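User: I am new to this structure and would like a close look at a single part of it. Please take me through that part slowly, and tell me how far the model can be trusted around it.

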Amino acid sequence: MIRLLVLAGILVLIFGCNSSSRELLVNGTTYQITHPPGTKEIESNIYVDERELNNIDYKEYLFWLGRTYGHDSNEYIEAQPDTTVWNLASEELQKNMRSYFDDMKYSSFPVVGINLSQGKKYTSWRTERVAEMILIMRGYIEISIEQNRETHFTIERYMTGKYKWTKKQAEKMLFPIYKIPTQTEWEKYILADVEEQIKSDKVFKGNSKLVKKGADLYNLKNKNKPKEMEGPKSRKGYGKTSKGLIHIIGNVSEMIFSEKKSMGGNWTMDLENIKKHKGETFKQANYYTGLRNICRWEEKILIRE
């Protein structure tokens, strides 16, 4: 019973739940929806993560993989972030960030040291876990901690009638599907009107310790300090764009659905050197690139075999 309560608590703690709802018409059916957990609505049925994926988010993923597949499984081992990426940073930054992923004080900081393949797998897992949470809360399936490699919840298992802990089978259902954005999607939905806001500097008020020219949108440093000494920042104390998004530019770069590029620049770069529309090279895990998901509600229909 305790393990069951812990599992339920983790689902609520990590993914949250937005109680406000509205109707969405999809393929002739009207569904009642809410904001997918962790996101802000950018336009109708287009949602973006409020902030970058954090260390605590990724730790929950690893916890689930270890419980479901085993700590000696390839799934668990291959998902581990590469903490040795900090060895390529300055000596001072290496000393400051030695326990970056493991130390609880960095829980709300962006996860780094993961590559695009790991990012895609996390995003798929996130879609399945949010779908599972939705069905549990609506009374369609039971909470189970007995799931394993062959029996754990997936949308496909549920929508083919093969999920073991089903209480009520839906003929069709709407689920929020998360993904890593393409460059076009990143520019359209995430970068959006940020450049115009930077010019006016009216939206980003508040944190007087940060230099202007973007104010608290940017993770810019005191000119007397080497800018690599501080590393990435958590969400605390930072303003939001007009769309409600945090750290679009200048905290950690954000991987996109491409093997060779990231967007948004990062704290190691001067504002003038951030290529907002061209992006930067991203071929492997490093200490300054993370990710942010976009999301849409999509209809899934029962497949009868």
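Analyst: Two strands are said to pair if DSSP finds at least two bridges between them. With that in mind, and remembering that this is a predicted model, we can turn to strand S3 (residues 39-43) and strand S4 (residues 46-49), which pair in the antiparallel sense over four bridges. One of the residues that can be followed across this pairing is Glu41, whose bridge partner in S4 is Tyr47. The two strands form a hairpin with two residues between them, and in that turn Asn45 has a positive phi of about 60°. In a regular strand the side chains alternate between the two faces of the sheet.

A positive phi also appears elsewhere in the chain, at Gly139, where the value is about 80° and the position is just after helix H5. At the other end of that helix, Asn115 caps the N-terminal end, with a side-chain oxygen lying 3.2 Å from the backbone nitrogen of Ser117. H5 itself is mostly covered, since 17 of its 22 residues are buried.

As for trust, the mean pLDDT of the chain is 82, and 79% of its residues reach 70 or more. Confidence is lowest in helix H1 (residues 2-15), at a mean of 45, whereas it is highest in helix H3 (residues 74-78), at 98. Over residues 1-6 the pLDDT stays under 50, and the model has three contacts there beyond four places in sequence; over residues 202-229 it likewise stays under 50, with 72 such contacts in the model.

Methods:
Residues numbered from 1 in each chain as written. Heavy atoms only, no water. pLDDT = per-residue confidence, 0-100. Contact = heavy atoms within 4.5 Å. Buried < 20%, exposed > 50% of the residue type's maximum accessible area, 1.4 Å probe, protein only. Polar contact = N/O pair within 3.5 Å; in protein donor to acceptor, adjacent residues only side chain to side chain.
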